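Here are a few short exercises to work through with the model open beside you. Try each task before reading its solution.

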Amino acid sequence: MAAETIIIQAPCNDCGRKTDHEVLKTHTKSFRGEEDYEWWKTSYRMIECRGCHFISLERSVTSWEDQQNDPPQTEYFPPPISRRFPSWIVELAMNVPIELDLPDLITEIYSALHANNRRLATMGARTLLDLVMTDKVTDVGRFDQKLDALEKEFITKKQRKFLEAALDVGHAASHRGHCPTAKQLDQVMDIVESILQQIYVLPNAATELKKSTPPRKKKAIIIPTRRQST
């Protein structure tokens with residue numbers, strides 16, 4: 001008799017959301033403590049997304065201390081992606097100076113995001129903004145001086161306020177051990193991504209669009225001729 005197919009809901013990194021997963025294999029390990037009532041149970045399930053067929057591992061841990069109605073502590077490997085790379089990351093890599101190593105730094109920031117290392121991701125975002133400003137306006141001094149120079153050529157006053165807010169979170173994480181919430185970090189990354197796209201991606205995109213757009217055809221002007229009087 002064929003085994004029953006078990007379907008569960010789990011996050012899928014390829015689909016970017018929770019989807020139906022089929023349980024392919026299960027394994028459970030149990031442990032006993034020094035006291036008879038002490039026990040731990042770790043359950044492993046290999047699961048496959050029924051949409052894209054991405055395979056991951058679910059690990060759930062329960063113990064005698066858990067209340068009857070408390071859900072088990074569940075982790076997934078690889079961890080669920082909290083934020084996807086922007087769609088224009090390849091264009092960014094093509095348009096930045098190689099010596100800046102921005103793509104590598106961005107990869108490290110997103111790795112910290114996916115691991116929920118919010119302080120590290122915030123510090124990385126601050127470093128990234130500093131490198132971008134130095135690249136565009138050179139090392140003119142303090143952060144506020146770099147923002148002054150950047151505002152003259154690349155950003156508006158409103159965008160400067162956005163950058164100041166993102167940098168303040170980075171300063172707090174670097175110097176005061178501040179840990180932003182997931183929502184706050186997401187907002188920092190929104191600001192960082194928008195600046196990166198504006199400075200390194202959109203100028204070339206606009207140039208290519210201009211080249212590929214056919215010009216408007218000029219209408220011929222017909223000047224009526226006067227009839228000669230007989």
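**Exercise 1. In this predicted model, decide whether C179 is buried, partly exposed or exposed.**

Step 1. Look up the relative accessibility of C179, which is 28%.
Step 2. Compare that value with the cut-offs: buried is under 20% and exposed is over 50%.
Step 3. C179 therefore counts as partly exposed. You can treat C15 in the same way: its relative accessible area is 24%, so C15 is partly exposed too.

**Exercise 2. Find out how many disulfides the structure holds, and explain what rules out a bond for C15.**

Step 1. Recall what you are looking for: a disulfide is a covalent bond between the sulfur atoms of two cysteines.
Step 2. Start at the sulfur of C15 and find the closest cysteine sulfur, which belongs to C52. The distance is 3.7 Å.
Step 3. The cut-off for a disulfide is 2.5 Å, so 3.7 Å is too far for a bond.
Step 4. The count for the structure is zero disulfides.

**Exercise 3. Check the length of helix α2 (residues 102-114) against its expected span, then work out where its buried residues lie.**

Step 1. With 13 residues at 1.5 Å a residue, α2 should span 18 Å. The C-alpha atoms at its ends are 18 Å apart, so the two values agree.
Step 2. List the buried residues of α2: L102, L105, I106, I109, Y110, A112 and L113.
Step 3. These residues cover an arc of only 155 degrees around the axis, so they sit on the same side of α2.
Step 4. The spacing makes sense, because an α-helix has 3.6 residues a turn and residues three or four places apart point the same way.
Step 5. Now look at the partners: the buried residues of α2 pack against α1 (89-95), α3 (118-137) and α6 (182-212).
Step 6. Following α2 you meet N116, whose phi is positive, near 60 degrees.

**Exercise 4. Describe the surroundings of L185, and find its place in the largest pocket.**

Step 1. Locate L185 in helix α6. With a relative accessible area of 3%, L185 is buried.
Step 2. Leaving out residues up to four places away in sequence, L185 touches L113, R118, A121, T122 and P180.
Step 3. Measure across to I109: L185 and I109 are 76 residues apart in sequence, and their C-alpha atoms are 11 Å apart in space.
Step 4. Turn to the largest pocket, with a volume of about 190 Å³. Its lining includes L185, L113, R118 and N116.
Step 5. Helices α2 and α6 each supply at least two residues of that lining.

Terms used. Residues numbered from 1 in each chain as written. Predicted model: local features only at pLDDT ≥ 70, side-chain atom pairs only at ≥ 80, totals over all residues. Heavy atoms only, no water. Helix = DSSP H or I, 4+ residues; strand = E, 2+ residues; numbered from the N terminus. Expected span 1.5 Å × (residues − 1). Buried < 20%, exposed > 50% of the residue type's maximum accessible area, 1.4 Å probe, protein only. Arc of directions from axis to C-beta. Contact = heavy atoms within 4.5 Å. 1 Å grid on protein atoms, 1.4 Å probe; cavity = no way out; pocket = protein on both sides within 12 Å on 5 of 7 lines; lining within 4 Å. Points joined across faces, edges and corners; volume = space filled by probe spheres on them.
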